[in-house]
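Me: Got a minute to go through this structure with me? I'd like to start with the ligands and then move on to how the chains meet.

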Protein chains: 2
Amino acid sequence: MTGQPLFGKVALIGIGLIGSSIARALRNVPLAGTVVAADRSEAVIARVRELAIADDATTDMAAAVTDADLVIACVPVGAMGAVAEAVGPHLKPGAIVSDVGSTKGSIVAQMAPHMPAGVHLIPAHPVAGTEHSGPDSGFPELFHGRWCILTPVPGTDPEAVERLAAFWQGLGSKTEVMAPDHHDLVLAITSHVPHLIAYNIVGTASDLEKVTESEVIKFSAGGFRDFTRIAASDPTMWRDVFLHNKEAVLEVLGRFTEDLIALQRNIRWGQGDQLFDLFTRTRAIRRSIIDQRQDTADPDFGRNRK
Amino acid sequence: MTGQPLFGKVALIGIGLIGSSIARALRNVPLAGTVVAADRSEAVIARVRELAIADDATTDMAAAVTDADLVIACVPVGAMGAVAEAVGPHLKPGAIVSDVGSTKGSIVAQMAPHMPAGVHLIPAHPVAGTEHSGPDSGFPELFHGRWCILTPVPGTDPEAVERLAAFWQGLGSKTEVMAPDHHDLVLAITSHVPHLIAYNIVGTASDLEKVTESEVIKFSAGGFRDFTRIAASDPTMWRDVFLHNKEAVLEVLGRFTEDLIALQRNIRWGQGDQLFDLFTRTRAIRRSIIDQRQDTADPDFGRNRK
Ligand SMILES: NC(=O)c1ccc[n+]([C@@H]2O[C@H](COP(=O)([O-])OP(=O)(O)OC[C@H]3O[C@@H](n4cnc5c(N)ncnc54)[C@H](OP(=O)(O)O)[C@@H]3O)[C@@H](O)[C@H]2O)c1
Ligand SMILES: NC(=O)c1ccc[n+]([C@@H]2O[C@H](COP(=O)([O-])OP(=O)(O)OC[C@H]3O[C@@H](n4cnc5c(N)ncnc54)[C@H](OP(=O)(O)O)[C@@H]3O)[C@@H](O)[C@H]2O)c1
């Protein structure tokens with residue numbers, strides 16, 4: 001890399017977990033000349049100033065994107081269309097507009113109509129996160145070793161895609177290019193349906209009449225507490241994910257339910273061998289995830305680390 | 001406590017994760033005069049000797065329990081009846097026989113018929129574990145701050161129950177007394193059904209035709225990887241749990257599926273408010289689990305801890 005940063009001005013719209021993590025990461029690597037943070041909330045902007053994680057911070061989205069070479073929308077999926085509409089007229093030709101939304105087909109549909117000619121819309125999704133939200137929850141290492149999926153539509157300038165990929169690689173990510181619809185199906189199984197199931201079982205648990213909520217909490221260490229972590233994720237973000245990835249989520253959910261009913265039948269009829277076979281098969285997947293460093297091998301995620 | 005340990009001779013039958021954790025913990029606290037480790041496997045016994053986590057180690061279960069004041073069976077739930085049958089005739093009057101099995105109604109049914117008069121059968125379940133198994137996976141802090149549930153049948157000598165509770169408290173646990181059937185229902189929701197769901201979704205993921213296994217592994221950081229940890233648990237142990245807690249598991253599973261179908265419908269019809277309400281309600285449960293120190297508050301279980 002030369003002394004020139006990859007982008008002159010970078011504008012981040014929405015400074016929550018993801019936006020503030022990008023801002024923080026940009027403090028450590030020479031990818032941006034200036035970083036402007038924009039958020040609809042005055043309180044968030046005040047906090048961004050206190051944290052000093054951007055060169056400039058404003059609630060004026062139009063001003064933030066003016067002259068920006070890269071604009072990344074880091075708001076809930078359901079707000080992406082409104083952001084695109086607000087910033088569209090102020091974008092400079094040649095700018096790259098991207099996002100970090102957890103669904104991708106819907107982003108293309110929402111944002112593309114508002115993009116002026118000469119602007120490169122390249123939706124992206126860093127597959128990295130935690131259950132926390134807001135500007136204080138971000139940290140610069142969030143993207144390290146994680147994948148960022150770019151979903152350009154056909155006809156997108158390959159050089160612009162390359163530059164955005166280089167940006168995410170600079171933040172520590174590995175990058176992959178995928179069609180938006182395929183992204184949505186892959187994430188339905190690796191993220192969206194797991195979240196739905198976690199929310200669901202925590203709901204089921206709190207609605208049982210014969211088991212008190214205090215018992216559920218006390219004895220959660222048996223496995224349930226892992227689900228509660230996921231089910232503590234931001235309600236707005238996740239409502240939007242399910243509303244904006246409906247088709248893929250319903251498809252995967254149909255499979256999940258079908259498989260679960262078969263397991264239920266195995267239990268009812270005492271078919272231990274079928275249970276044993278599935279339980280053995282699933283171990284192999286865990287092993288691969290650890291081998292590919294997508295998770296820690298420490299038992300219990302290292303909760304007992306000393 | 002006086003200089004006297006709580007029990008003279010303690011025999012542990014089955015030296016895997018739980019048995020070896022108890023053995024290791026007993027090295028640090030004066031609860032047992034002697035600790036004898038018994039396992040059906042010569043290899044495990046050899047390893048126990050190498051690790052020096054018991055005073056004596058043997059494959060002879062009858063010898064191990066002879067003169068023991070406390071016997072704890074730490075084998076899979078489906079093997080408890082056979083262990084009880086093997087050791088029954090060698091138990092000394094006044095001995096306490098217990099276990100650590102994840103189901104309790106079935107333990108009573110399997111073990112009680114083999115108990116001679118004057119022996120106190122007090123089933124118990126330490127609600128603590130990891131996804132690993134075998135004698136090398138144990139560690140002495142496993143039970144610290146966790147609950148151990150005792151499920152004596154009516155008529156059990158209260159003094160014996162007290163002594164067993166004191167034993168678990170000595171290992172760092174909090175104790176609770178519960179009816180076996182109620183235990184089984186509580187654990188169905190806090191542990192058994194969550195495990196079943198985790199196994200199931202990992203199975204569903206690996207069976208999808210349109211998403212490759214390599215994609216599932218790469219992008220698992222979105223939430224799925226948490227499920228794979230649970231779905232890496234021991235197949236024998238978990239097969240036995242489902243076969244031996246059938247009724248409660250099927251009851252809770254029925255509720256889970258009913259609730260999931262309602263959520264599916266919310267998604268299909270775009271009912272965002274219902275989703276938002278559930279996702280808000282589930283956060284409160286997470287907060288209580290953290291407040292009661294049943295889990296770490298670190299985002300992502302502290303995976304990003306430096
Ligand atoms: N969290 C994860 O694990 C994760 C992982 C990968 C991708 N993502 C995606 O990243 C995006 C941001 O998520 P996050 O976790 O960073 O969320 P977050 O911490 O809740 O931050 C979201 C930000 O968007 C703003 N916002 C919300 N609604 C808005 C609206 N209607 N118009 C304008 N701004 C609005 C919020 O402002 P206020 O403070 O005023 O509400 C906040 O600054 C989402 O699209 C999500 O799908 C999340
Ligand atoms: N793991 C957890 O998270 C957890 C938590 C709470 C309670 N529990 C309960 O604790 C018990 C032990 O689980 P664990 O995790 O310690 O399992 P583990 O690490 O797999 O150890 C099980 C031990 O039992 C022995 N065993 C297996 N089948 C046997 C049989 N038919 N007859 C005699 N011995 C046999 C095994 O010997 P081999 O090596 O020869 O197979 C091994 O030594 C189970 O009842 C389980 O439900 C487990």
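Me: How far is a polar side-chain atom of Ser102(A) from an oxygen atom of ligand 1?
Reply: Keep in mind that this is a predicted model. Ser102(A) is among the residues that come nearest to ligand 1. Its polar side-chain atom and an oxygen atom of the ligand form a pair within the 3.5 Å cut-off for a polar contact, and the distance is 2.7 Å.

Me: And how much of ligand 1 does the protein bury?
Reply: Besides Ser102(A), the side chain of Asp39(A) has an N or O atom 2.4 Å from a ligand oxygen. The backbone joins in too, with an N or O atom of Ile18(A) at 2.8 Å from an oxygen of ligand 1. Taken alone, the ligand exposes 900 Å², and the buried part of that is 82%.

Me: Which elements of chain A give two or more residues to the shell around ligand 1?
Reply: There are 26 residues around this ligand, and they split into 14 nonpolar, 10 polar and two charged. Leu17(A) is one of those that come nearest. The elements you're after are helix 1 (17–28) and strand 7 (124–126).

Me: Over in chain B, which residue has a side-chain N or O atom 2.4 Å from an oxygen of ligand 2?
Reply: Start with the backbone: a polar atom of Ile15(B) is 3.3 Å from a ligand 2 oxygen, and an N or O atom of Thr130(B) lies 3.4 Å from one. Those are backbone atoms, so they don't fit a side-chain contact under the 3.5 Å cut-off. The side chain in question belongs to Asp39(B).

Me: What share of ligand 2's own accessible area does the protein cover?
Reply: The shell here holds 26 residues, with Val75(B) and Gly134(B) among the nearest. It divides into 14 nonpolar, 10 polar and two charged residues. On its own ligand 2 has 900 Å² of accessible area, and the covered share is 82%.

Me: Now the chains: which three residues of chain B supply more of its buried area against chain A than any other three?
Reply: The interface has 108 residues of chain B in contact with 108 of chain A. About 10,600 Å² is buried between them, with carbon and sulfur atoms giving 66%. The trio supplies 7% of what chain B buries: Phe219(B), Ile267(B) and Phe279(B).

Me: Last one: how far apart are the end C-alpha atoms of residues 8–297 of chain A?
Reply: UniProt, in an unreviewed entry, lists that span as "domain: Prephenate/arogenate dehydrogenase". It's 51% helix and 13% strand. The distance between its end C-alpha atoms is 40 Å.

How values were computed. Residues numbered from 1 in each chain as written. Chains lettered and ligands numbered in written order. Predicted model: local features only at pLDDT ≥ 70, side-chain atom pairs only at ≥ 80, totals over all residues. Heavy atoms only, no water. UniProt positions renumbered as here; feature names shortened; annotations may be inferred. Helix = DSSP H or I, 4+ residues; strand = E, 2+ residues; numbered from the N terminus. Near = heavy atom within 4 Å. Polar contact = N/O pair within 3.5 Å; in protein donor to acceptor, adjacent residues only side chain to side chain. Areas by Shrake-Rupley, 256 points an atom, 1.4 Å probe, with all protein chains shown as cover. Nonpolar A, V, L, I, M, F, W, Y, C, P; charged D, E, K, R; others polar. Contact = heavy atoms within 4.5 Å. Buried area = accessible area lost by both parts, 1.4 Å probe.
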